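User: I would like a close look at one part of this model, the way its helices pack and the space left between them. Please keep it plain.

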Amino acid sequence: MTIFQAVLLGIIQGLTEFIPVSSTGHLLIAQSLLGIAPSDATFAFLVLVQLGTIVSLVLYFWKDLLNLVKAFFAKPFSTLDNRLAWFIIISTIPALLAGFLLKDTVEALFKLPLLEASIRLFTAAFIMSLAEYLGKRTRSLDSMNWLDALFIGAMQVLAVFPGASRSGTTISGGMFRAFDRPSAARFAFIMSVPVMLAVGAYEMLDVLAMQNLTSFLPVLAAGFITAGVVGWLAIKWLMAYLNGHSLYIFACYCAIVGSFTLIYGLISL
């Protein structure tokens, strides 16, 4: 992988990690189009470049995150921030368990990137369309309970598989529970921080054991920085967009890209 390819993948990661169109699906498509062969190094890059977008996420929501950390040490469920802190923990458990138990299966799915990406893009399109159709969008985060958190956390399990949109599935999960779009997005983004940090830290162990680590670091740094800058801009745009717009446009986009990806993947077999 070259520096140019890493920067290009970083831009794609930053744009699509938070905009609900499947960052991994787009990275898998770009990987194939750029002729980057599947390997342990490629898989590590695709996972670790997410740390760049994690930094952008933390910087964007730093006040919310700081308040939640402070509130966590108060009496359990005594304040809104304390409840949200506990709900984030509850919502994180399903994805962490799934990521640990299904790690080998997920890595194997990266061997057929285009076909797997197309399937997950179709899945994301279906879920977002269903959430828009069924969601009542009458609730805000101050009405959240533990069942809401567990349900949204279970939706996040889908994002363990390549091509599924983490933001799309978790925002849809909140909308299925009748939360309005901005509230669903805010909780979805904040609750993704522990899972994405855990995944990145776990994958870092494999990176540290790589024989060509020194030559790999500049490539990773280029993707990391690019993804972070672009990711911050993407979050800012999406939070403003969701105040008055639906997810249908993203669902249509996923369906269209999924169709072209499936056709191209079948031709390439």
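Is the crossing of helix 1 and helix 2 right-handed or left-handed?

Analyst: The model is predicted, so local features need pLDDT of at least 70 and side-chain atom pairs count only at pLDDT 80 or more, while totals for chains, interfaces and linings use all residues. Residues are numbered from 1 along each chain as its sequence is written, and side-chain values use heavy atoms, with hydrogens and water left out.

Helix 1 and helix 2 cross in a right-handed way (the near helix is turned clockwise from the far one by less than a right angle; anticlockwise would be left-handed). Helices here are DSSP runs of H or I with at least four residues, numbered from the N terminus. Two packed helices are described by the angle between their axes and the distance between the axes. Helix 1 covers residues 3–16 and helix 2 residues 23–33; their axes come within 8 Å and cross at roughly 160°. That makes the two helices roughly antiparallel (angles over 145 degrees; under 35 is roughly parallel, 65 to 115 roughly perpendicular, the rest oblique). Axes are lines fitted to C-alpha atoms over the stretch in contact, and angles run from 0 to 180 degrees between N-to-C directions.

On the helix 1 side, Leu9, Ile12, Gln13 and Thr16 meet Ser23, His26, Leu27 and Ala30 of helix 2, where contact means heavy atoms within 4.5 Å. This contact has 4 nonpolar, 4 polar and no charged residues (Ala, Val, Leu, Ile, Met, Phe, Trp, Tyr, Cys and Pro are nonpolar; Asp, Glu, Lys and Arg charged; the others, Gly among them, polar).

A second pair is helix 4 (residues 50–60) and helix 11, which pack at about 145° with axes 10 Å apart. Their crossing is left-handed. Leu51, Ile54 and Leu57 are among the helix 4 residues in the contact, and Phe189, Val193 and Met196 among those of helix 11. The contact divides into 9 nonpolar, 4 polar and no charged residues.

Helix 11 also helps to line the second largest pocket, as do helix 5 (62–72) and helix 6 (80–101), each supplying at least two residues. A pocket is an open set of points on a 1 Å grid where a 1.4 Å probe fits, with protein on both sides within 12 Å along at least five of seven lines; lining residues have an atom within 4 Å of a point. This pocket holds about 230 Å³ of space, and its lining has 11 nonpolar, 1 polar and no charged residues. Phe72, Ile88 and Val193 are among the lining residues.

Conventions:
Grid points are joined across faces, edges and corners, and a volume is the space filled by probe spheres set on the points.
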